[in-house]
Amino acid sequence: MTSPTYEASYGDPGAAAQKLYDELDRIYKATRMGADLASGKRSAKIAQTPKEAIWHLNKATLYHYFPQTPLEKRHQVPLLLVFALINRPDIFDLRPGNSFVEFMLQQGYEVYLLDWGRPGPEDSSLKLEDYALDLLPRAIRKLQSHSGSQEFTLLGWCIGAVLTSLYAAWSGRDPGLKNLLLLTAPLDFSKKDAGPFNIWLDERYFNIDALVEHMGNVPGEMIDWGNKMLKPVENFIGNYIRLWENLDDPRIVESWQAMNAWVNDPVPFAGASFRQWVVDFFRENKLMNGTLTMRGELIDLQNIEVPLLSVIADKDHIVPTCQSIAAMDRIGSQDKTLLTIPGGHIGIMAGSGARKRTWPQIDQWLAPRSK
Amino acid sequence: MSQNDADLDPFGPWRQLRDATMDVWAKSMAETVNTEAFAQNMGAYLNTYLATSAPMQKFVEQYMEATLARLSMPSRDEVIELARRMVSVEMRLDDIDAKLDTLLRHLQTQPAAAAQHGQELNGHLQAIQQQLERLAVSTAALAEAPEGKPVPARRGRTKAEPEPQT
């Protein structure tokens with residue numbers, strides 16, 4: 001048996017020195033970039049796609065994005081995007097080159113976005129039906145008047161998907177609603193071991209009435225903290241380590257900054273809506289049990305008969321897949337598709353792979369149904 | 001990268017250690033937050049916060065309300081009430097906007113409806129004109145007929161004659 005040579009055991013000392021030098025250089029550049037970030041010299045601009053506000057009501061605004069394709073290449077049915085109540089809808093249009101809105105405009109859709117705004121103290125009594133059955137139909141009316149098309153497609157994400165489902169179930173056979181797209185829709189809460197939210201919001205531990213009475217609206221920071229606590233190490237530490245590791249790559253830093261700007265801009269949850277969300281949905285699962293009434297009417301998912309695409313994320317820790325899958329059987333549509341995308345709750349729509357994986361599949365499904 | 005190169009990365013071992021630690025820690029924390037005990041502690045913390053801050057908040061609110069009243073300024077509740085009224089007015093304006101939209105749509109579709117009515121009227125006029133022409137022919141025949149010879153009475157319409165449009 002021969003003993004190994006120095007080079008075989010420890011490699012070339014010159015190469016090691018070069019590696020050390022490269023690493024120190026990287027650390028130097030990263031530190032400079034970090035200092036720029038900390039001092040606010042570099043800031044991320046999000047939601048840059050040109051748009052116009054065409055309707056306002058209370059805090060809600062309906063935006064119309066300027067088309068990016070010639071009229072003859074455009075789909076006839078406009079698309080209305082509806083996001084959740086707890087974050088800004090800017091995630092639909094994160095940054096140029098990584099924007100779902102921009103992608104859909106390039107595919108020839110007329111895109112509208114309903115921004116719920118930030119509820120103030122005067123909105124603490126707003127309930128989910130005020131959003132789904134009052135503000136949303138009014139925004140739809142404006143969309144119809146603006147686009148000249150009575151037909152439209154609704155796309156809801158997270159709680160936005162719940163609100164659009166409530167609208168679709170309530171409006172029943174509304175001839176205007178042509179397609180319904182649900183992204184990571186939390187509709188079924190029957191599995192009580194599906195994620196920490198079910199335990200945290202249990203009535204034995206969480207006094208929802210006292211919270212809402214004391215605070216009015218639930219602060220966005222509290223909701224954000226709850227979301228981050230689902231994966232505390234990744235969100236509070238890992239996130240910044242990832243940034244540190246990539247500080248020498250301006251492209252990744254820009255992407256991180258954009259996402260960080262969106263994450264750290266939470267929106268308060270109107271008190272009455274939050275109470276309903278916790279009691280009627282998380283605790284009593286009324287929508288799936290068929291006992292949810294709004295404005296004196298039973299809200300039955302069976303009434304949804306339009307073509308439906310439900311997109312879920314296989315690693316979603318905020319809305320576990322079971323909360324969306326079970327609802328598929330309950331929805332009345334004949335033409336319904338469940339699409340599972342690898343990724344997390346936000347990543348499937350705003351991550352680096354969304355442009356290749358999620359968006360083209362949404363377009364493929366929607367294009368033939370937008371004629 | 002060869003194994004030797006990897007071994008020579010001066011920060012490699014530290015990174016590996018960090019990543020391994022983070023993974024274990026992340027898994028452990030994810031399990032911890034998904035327990036009844038964590039939920040109980042979080043609930044207790046929230047209840048304590050609400051119990052301690054509520055009296056303070058009430059005191060501050062009462063003090064502020066009294067102070068603002070002395071300064072002849074509206075209180076928070078009054079401003080909130082005003083904002084709610086404004087929202088209500090906005091809703092009514094939106095209702096009016098909706099009705100205007102409907103009216104405008106009707107007005108835009110009106111010329112088409114008028115054209116359709118015009119066509120129907122034209123049909124009626126043509127039918128009347130044909131009747132008049134037939135009447136004129138009959139009258140002329142009656143006038144030209146020799147005295148004492150009766151003009152054959154017409155019974156029903158011939159196939160060539162169109163059905164009058166009513």
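Helices (H or I, at least four residues) and strands (E, at least two) are taken here as DSSP runs, numbered from the N terminus. The structure is a predicted model, in which local features need pLDDT of at least 70 and side-chain atom pairs count only at pLDDT 80 or more, whereas totals for chains, interfaces and linings use all residues. Residues are numbered from 1 along each chain as its sequence is written, chains are lettered from A and ligands numbered from 1 in the order in which they are written, and side-chain values use heavy atoms, with hydrogens and water left out.

Chain B contains four helices and zero strands, and its elements accordingly follow the order α-α-α-α from the N terminus on. Of the 166 residues in this chain, 17% are buried, where buried denotes under 20% relative accessible area, exposed over 50%, and partly exposed the range in between (1.4 Å probe, protein chains only). The accessible area of chain B is about 13600 Å², of which carbon and sulfur atoms supply 61%; such areas come from the Shrake-Rupley method with a 1.4 Å probe, and for residues only the protein chains shown count as cover.

Two surface patches were identified on chain B. Patches are made of residues with over 30% relative accessible area and no salt bridge, like charges being joined within 9 Å and nonpolar side chains (Val, Leu, Ile, Met, Phe, Trp, Tyr) within 5 Å; a salt bridge is a side-chain nitrogen of Lys or Arg within 4 Å of a carboxyl oxygen of Asp or Glu. Lys and Arg count as positive and Asp and Glu as negative, while His and the chain ends are not counted, and each charge is placed at NZ of Lys, CZ of Arg, CG of Asp or CD of Glu. The negative patch consists of Glu61(B), Glu65(B), Asp77(B), Glu78(B) and Glu81(B). Helix 3 (36-70) and helix 4 (76-144) of chain B each supply at least two of its residues, with helix 4 giving the most, namely three. Glu65(B), located in helix 3, is partly exposed at a relative accessible area of 42%. The nonpolar patch comprises Met56(B), Phe59(B), Val60(B), Tyr63(B) and Met64(B), which together have about 540 Å² of accessible area; Phe59(B), also a residue of helix 3, is exposed, with 52% relative accessibility.

The loops of chain B that flank helix 3 hold two further residues of note. Asn34(B), in the loop between helix 2 (12-33) and helix 3, is partly exposed at 32% relative accessibility, and its C-alpha lies 23 Å from that of Leu50(B), the two being 16 residues apart in sequence. Ser72(B), in the loop between helix 3 and helix 4, is exposed at 68% and has a positive phi of about 60° although it is not a glycine.

In chain A, a positive phi, near 40°, is likewise found for Thr184(A), which belongs to the loop between strand 6 (177-183) and helix 6 (196-200) and is buried, with a relative accessible area of 1%. Ser149(A), in the loop between helix 4 (128-147) and strand 5 (152-157) of chain A, is buried at 14% relative accessibility, and its side chain reaches the backbone oxygen of Glu151(A) at 2.7 Å.

Between the chains, the side chains of Asp94(B) and Trp55(A) are joined by a polar contact of 2.9 Å, a term denoting a pair of N or O atoms within 3.5 Å; within protein, one must be able to donate a hydrogen and the other to accept it, and residues adjacent in sequence count only if both atoms are side-chain atoms. Asp94(B) lies in helix 4 of chain B and is buried at 6% relative accessible area.
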